[in-house]
Each structure stands twice: as structure tokens, then as C-alpha cells.
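Student: Hi! I have a new model open and would like to go through it with you. Could you bring it up?

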Amino acid sequence: MSYTLGGGLGILAREFGCAAGHVRRLEVATADGEVRRVTPEADPELYRALLGAGQNLGIVTELEIGLVPVRALYGGSLAFDGRVVDPAAPLRAYEAWTRTVPDGLTSSFAAVPYPDLPVLPPHLRGTYVVSVRVAHTGADGDALVAPLREIGPALSDTLRTMPYAESHTIHSDPDFPHASYGDSTVLRDLDVERAGELLRATGPGAPAMCVVQVNHLGGAPARPAPNAVPWREGRFLARLLRAGERARALLDPVFALPAEHTLGRSLNFAFGAGDRGAGLYEPETRKRLARVKEDYDPANLFRRNYGVSAAC
Ligand SMILES: Cc1cc2nc3c(=O)[nH]c(=O)nc-3n(C[C@H](O)[C@H](O)[C@H](O)COP(=O)(O)OP(=O)(O)OC[C@H]3O[C@@H](n4cnc5c(N)ncnc54)[C@H](O)[C@@H]3O)c2cc1C
């Protein structure tokens with residue numbers, strides 16, 4: 001539910017847009033106890049605000065979502081050993097490659113230093129894996145990823161045509177709850193030199209395990225839509241997950257990029273970030289959200305989140 005309320009950047013986002021853009025109708029219980037049926041036609045302001053900041057405005061109990069027919073797709077990941085190659089090199093190649101791909105191809109880069117812990121599978125313990133993940137519904141996937149395969153010897157290459165039902169294997173996200181802090185920044189463009197610094201600061205020598213991800217934006221999410229999902233003009237989303245508060249002091253300066261490079265943060269990737277939500281919306285959107293909040297939740301009943309009321 002809150003994946004969609006926060007925008008919802010899916011594996012085929014550049015082709016089909018964010019999940020929020022497919023919502024036709026919501027049912028929400030607002031602070032006054034009313035259960036409201038919200039559509040873009042009947043209640044455009046509340047509809048627009050719920051999709052991007054819904055956790056502030058009530059408890060959403062139903063979503064009606066339009067589906068897209070995808071039976072199969074081309075995708076997977078290409079992983080490199082970050083202890084053998086400079087992890088900035090695949091990132092540099094990845095960034096250059098994103099300039100050549102069609103809007104219908106969605107991809108991301110990830111750098112994961114696995115600790116040497118017995119809970120991990122033996123082949124991952126103590127490794128540092130940098131990978132590019134790809135999802136594409138077109139028939140030309142193999143040709144499109146050819147430049148990635150030239151980056152160097154891969155640890156693993158799972159790129160293939162697969163049934164959609166296997167698409168969760170592309171990112172292999174953990175399917176169990178795990179405690180982590182996280183933050184994100186939407187970038188006008190990716191400065192690969194700075195990103196290289198980020199990788200060096202967060203790699204195997206970092207004081208706590210950090211996961212860096214860079215999502216290629218643009219395509220369908222960049223198009224106007226009647227919702228509060230911000231920063232559509234961003235070219236990349238840089239995300240950082242850290243296993244403990246200890247890493248925070250290390251990472252905050254890395255995130256403090258000059259304003260000309262960054263647009264703001266992404267709600268879905270701010271986990272325990274510890275402030276009241278600075279940078280989560282464009283100023284104009286934030287003003288609109290504060291007005292809707294005043295109309296539907298003037299006493300700020302729904303406040304255990306990144307707030308949007310004028311006082312926040
Ligand atoms: C491993 C992993 C991978 C992820 N990958 C992606 C990704 O690819 N794309 C993406 O966009 N996001 C991704 N996310 C982020 C995810 O979308 C957000 O963390 C989302 O908020 C999780 O929803 P939740 O219900 O579990 O969170 P919760 O922490 O339970 O809720 C988040 C917020 O929403 C509010 N909320 C919950 N339910 C409702 C409701 N019914 N009505 C109103 N408000 C509600 C809560 O009060 C809270 O403020 C990922 C997260 C993880 C952990």
C-alpha cells in the first residue's frame with residue numbers, strides 16, 4: 001500500500017511509470033472518521049495529495065489500480081567483483097550506457113559489501129558485489145545490454161528472457177523484514193567522480209555495512225501526472241541503505257551534494273532518516289499538501305511520518 005502512496009518505482013518504471021500513476025480510485029478513512037471514495041474526477045485535490053503523501057492524510061483501505069499486460073520480459077543482473085575491479089569503473093560504464101538506451105528499458109546499479117558472517121551463503125561471505133540490473137519488455141534486450149557485457153569479466157550474468165513471475169529475481173531483494181536506515185537523493189545528473197567517492201566511502205572498509213543503489217530515471221516517470229510524486233526531471237536516484245546509525249556520520253557529508261546537482265529526496269527511500277521530511281517535495285507541491293492536510297487533518301492526527309503540515 002505505502003509503496004504506491006510513496007510513488008512506487010517498479011522494475012519497469014521507465015516504460016510504464018510509477019505505480020501511483022496507475023491508481024484509478026482510493027478509499028481512505030480520514031481523521032474525522034469519514035470513509036471517502038476518492039477519484040481524480042470527484043476529488044482531484046485529495047486524489048493528487050494521497051498519491052505521494054497519503055500516509056499524512058488518512059488510512060488508505062482500498063486502491064483500484066490499472067494493470068499492464070506483461071507476460072515475459074528481458075532482464076537480470078550482471079555482477080562484478082568489486083574487490084578485483086575499481087567499482088567506479090562499472091558505474092562509469094553504466095552511466096554512459098544509460099545515455100544510449102530507449103525509454104522502455106529500466107535499470108539500476110548496486111554496490112553491496114557482504115560482511116563475513118555465517119548467516120550468509122558461503123559464496124557471498126566477505127565479498128563486494130557491484131552489479132547492473134536490467135528490465136525491458138522489448139525483443140532487443142540482448143543487443144541493448146551488449147556494451148555492459150564488455151565492462152569486464154562478470155561474477156555472474158543472469159540476463160535472459162524470463163516469465164514475469166520470475167522478475168523478483170532481477171533485484172533479489174530480501175523477502176524478510178530487516179532493520180536499516182536509508183536515504184536518497186534525486187540527481188539532475190550523475191557525477192561519476194563524486195559517485196566514485198561515495199563507493200569508496202561505503203565499500204568494504206566502511207564502519208558499517210552500506211548498500212549503494214543508483215536508479216536510472218526519466219522515461220514515463222518524467223511525464224506529468226495528477227499526483228504529488230516529486231522531482232520528475234531527475235535523471236538518477238541515488239539510494240543508500242546502512243545497517244546501523246554508526247554509519248550516519250560517514251554518509252551525511254557524502255549526501256551533502258551541491259544544490260545544482262540535486263533536486264530532493266524520495267519518500268519511499270527515506271528510512272528513519274531522522275528529520276521532518278525536508279526536500280521530499282517541490283515547494284509548490286508542499287504548499288498544496290499543507291492546504292489539503294489543513295482541510296482533512298487539521299489536528300495532525302496522522303503525524304508518525306514525514307510531515308507535510310505548514311508547521312513541519
Ligand atoms: C528491500 C526493499 C526494496 C524496496 N524496493 C522498492 C522499489 O523498488 N521501489 C519503491 O518505490 N520502493 C521500494 N522500497 C520502499 C518501500 O516502497 C517503502 O519502504 C514502503 O513505504 C514500504 O511499505 P510498508 O507498508 O512496508 O511500510 P510502513 O513502514 O509500514 O509504512 C510506511 C509509511 O506509510 C504509512 N502507511 C502504511 N500503510 C498505510 C495505509 N494503508 N494508509 C496510509 N498510510 C499508510 C505508514 O504510517 C508509514 O508512514 C523498498 C523497500 C525495501 C525494504
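Student: Let's start with the strands: in which sense do β10 and β11 pair, and over how many bridges?

Tutor: Happy to help, and please keep in mind that this is a predicted model. Strand β10 and strand β11, which covers residues 236–242, pair in the antiparallel sense over 7 bridges. Within that pairing, H216 stands opposite F236 in β11.

Student: Which strand pairs with β10 over 4 bridges?

Tutor: That is strand β5, residues 105–113, and the sense is antiparallel again. One position to look up is A111 in that pairing, whose bridge partner in β10 is V212.

Student: How many of the residues of β10 are buried?

Tutor: 7 of the 7 residues, 210–216, are buried, so β10 is largely enclosed by the rest of the structure. C210, V212, V214 and H216 point one way, while V211, Q213 and N215 point the other way. Both sets are buried.

Student: OK, and β6? How many of its residues are buried?

Tutor: In β6, residues 128–136, 9 of the 9 residues are buried, and the strand is mostly covered. One way from the strand point Y128, V130, V132, V134 and H136. V129, S131, R133 and A135 point the other way, and these are buried too.

Student: I see R133 in that second set. What stands opposite R133 from the β4 side?

Tutor: S77 stands opposite R133 in β6. The strand pairing there is between β4, residues 72–81, and β6, in the antiparallel sense over 8 bridges. R133 is also the bridge partner of S108. As for β5 and β6, they pair in the antiparallel sense over 9 bridges.

Student: Let's switch to the aromatics. How many aromatic pairs are there?

Tutor: The count comes to 2 aromatic pairs. In one of them, the rings of Y94 and W97 have their centres 6.0 Å apart and their planes at 35 degrees, so the pair is tilted.

Student: Why is that pair called tilted?

Tutor: Planes under 30 degrees apart would count as stacked and over 60 as edge-to-face, so an angle of 35 degrees makes the pair tilted.

Student: Where do Y94 and W97 sit, and are they buried or exposed?

Tutor: They are 3 residues apart in helix α4, residues 88–98, so about one helical turn separates them. Both Y94 and W97 are buried. Ring pairs also link Y94, W97 and F109 into a cluster.

Student: Which residue lies over the face of Y306?

Tutor: That would be R265, at 5.9 Å from the ring centre of Y306.

Student: Now the ligand. Which residues come nearest to it?

Tutor: There are 17 residues around the ligand, and S2, L9, V60, N268 and F271 come nearest.

Student: What does S2 do there, in terms of atoms?

Tutor: A polar side-chain atom of S2 lies 2.6 Å from an oxygen atom of the ligand. N268 likewise places a polar side-chain atom 2.9 Å from an oxygen atom of the ligand. With L9, a polar backbone atom is 2.8 Å from an oxygen atom of the ligand.

Student: How much of the ligand does the protein bury?

Tutor: The protein buries 59% of the 960 Å² that the ligand exposes when taken alone.

Student: Which element supplies the largest share of the shell?

Tutor: The largest share, 3 residues, comes from α1. Both α1 (2–5) and β3 (59–65) supply at least two residues each.

Student: A few odd spots to finish. What is Phi of W231 near?

Tutor: Phi of W231 is near 60 degrees, a positive value in a residue other than glycine. W231 is found in the loop between β10 and β11, and is buried, with a relative accessible area of 10%.

Student: And N300, where does that lie?

Tutor: N300 lies in the segment after α8 (283–296). Phi of N300 is near 55 degrees, again a positive value in a residue other than glycine.

Student: Last one: how far apart are L263 and L187?

Tutor: In sequence they are 76 residues apart, and in space 5.9 Å, C-alpha to C-alpha. L263 is found in strand β12, residues 262–264, and counts as buried at 14% relative accessibility.

Methods: Residues are numbered from 1 along each chain as its sequence is written. This is a predicted model: local features need pLDDT of at least 70, side-chain atom pairs count only at pLDDT 80 or more; totals for chains, interfaces and linings use all residues. Side-chain values use heavy atoms; hydrogens and water are left out. Buried means under 20% relative accessible area, exposed over 50%, partly exposed in between (1.4 Å probe, protein chains only). Two strands pair if DSSP finds at least two bridges between them. Rings of Phe, Tyr and Trp (its six-membered ring) pair if their centres lie within 6.5 Å; planes under 30 degrees apart count as stacked, over 60 as edge-to-face and the rest as tilted. A charge sits over a ring if NZ of Lys or CZ of Arg is within 6 Å of the ring centre and within 35 degrees of the ring normal. A residue is near a molecule or strand if one of its heavy atoms lies within 4 Å of it. A polar contact is a pair of N or O atoms within 3.5 Å; within protein, one must be able to donate a hydrogen and the other to accept it, and residues adjacent in sequence count only if both atoms are side-chain atoms. Accessible areas come from the Shrake-Rupley method with a 1.4 Å probe; for residues, only the protein chains shown count as cover.
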